[in-house]
Amino acid sequence: MSNPATKRVTIAAVARRAGVSPSAVSHVFNGRPNVSEATAARIRAAADELNWRPNFASRKVSGQGGRSLGLVIARSRGTFGRDPFFMRLLAGLTEPLAEIGWSLSLTLVRAEEEEQVYRQWWGEQRVDAFLLVDVRDDDPRLALVEQLGAPAALLGAPVPGPVAAVTVRDGTAFAEAVEHLTSLGHRGITRVTDAPGLAHTRARDKRFRSAARERGVKAGVAAWRPDAEDPVADLLGRLDGATAIIVDSETIAAEIVAHAPEIGVRVPEQLSVIAWEDSWVSSIVRPRLTAFDAPVEESARTAVTLLEQLVRGENAASRTVTGRRLIVRESTAAAPHNREGSS
């Protein structure tokens, strides 16, 4: 859990560190020429040591800068734009933020730029809290927000450390998916992930294998390789006899459903497909995708509530929201060997 009691560094603290007056610090950061270069360098060094930058919000004409939630996403524009989860997340954040008078500060960055953006936004007081997504194993952002004293919450599987998490209650989701597939006669199931380095991926792999083991199902885990010459053919060639797959991304699941028949694999006659996320994408392919509807909007609202409490200086623990709901459509059917008339 983030420490809500941590105070922001003030201009007075920077002045004390540099051995100058607060007005001298103000002059340097406002670009005024009446401070020597040596003194200006000392002031900037002190500001860097304390992670301080001018408060941009206080410069607003109204004099009443509203609070802002920072969302820094380390993805390419193309990847971000193709992922319906982020569109649902942004839509889910809009209403609760508006209700409390906050804005959303969003940026896409390369992974190596993340730390700089967090430090800059917090130091310049552009944001009042951070929402962390795509949390990775040993994610350096967790220690960074604690060091900065920035209120923060993460979406996804809880990880050890001080940052509170908003988690979906999906402990039984894989059991439900495996149960659905075994009822159709499937005895080999592969889970397909497009983000093997994320913390929630590891947790999902564990739950999937456990659910499969309890039901006597052969379980496999395969990574989606977007750089392969033909990613769908590449994946289908690594299923090791599995007749059903559970795919993390509905866009990847849709690509599989659309392209598999072109390379000789019919869905669902020869391969059943379940998407771990549901969205409008699930209904534009034929057959339509059996998928889990996740409470993305509820997660967003819960995260906003948690972060508002942290910013107000209140204690706020991790939260769990409603579980996923399996929506059965036409992309799952009886296993090939279980079909009437099959040999």
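This is a short tour of the largest pocket and the aromatic pairs in a predicted model.

Local features need pLDDT of at least 70 and side-chain atom pairs 80 or more, while totals for chains, interfaces and linings use all residues. Numbering starts from 1 along each chain, and side-chain values use heavy atoms, without hydrogens or water.

**Stop 1: the largest pocket.** Select Arg-75, Asp-83, Asp-134, Asp-194 and His-200. Of the 38 lining residues, these are the closest to the pocket centre. The space here is about 1,000 Å³. A pocket is an open set of points on a 1 Å grid where a 1.4 Å probe fits, with protein on both sides within 12 Å along at least five of seven lines; lining residues have an atom within 4 Å of a point. The volume is the space filled by probe spheres set on the points.

Now show α4 (77-82), β5 (164-168), α9 (199-214), α11 (250-259) and α12 (296-311). Each supplies at least two lining residues. Helices (H or I, at least four residues) and strands (E, at least two) are DSSP runs. Colour the lining by type: 16 nonpolar, nine polar and 13 charged. Asp, Glu, Lys and Arg count as charged, and Gly is among the polar residues.

**Stop 2: the aromatic pairs.** The count is five (Phe, Tyr or Trp ring centres within 6.5 Å). Select Tyr-118 and Phe-130. Their rings are tilted, 4.6 Å centre to centre with 45 degrees between the planes; stacked means under 30 degrees, edge-to-face over 60, and tilted the rest. Tyr-118 sits in helix α6 (residues 114-123) and Phe-130 in strand β3 (residues 129-132), twelve residues apart.

**Last stop.** Select Phe-174, Phe-208, Trp-276 and Phe-292, a cluster linked by ring pairs.

Notes:
Rings of Phe, Tyr and Trp (its six-membered ring) pair if their centres lie within 6.5 Å; planes under 30 degrees apart count as stacked, over 60 as edge-to-face and the rest as tilted.
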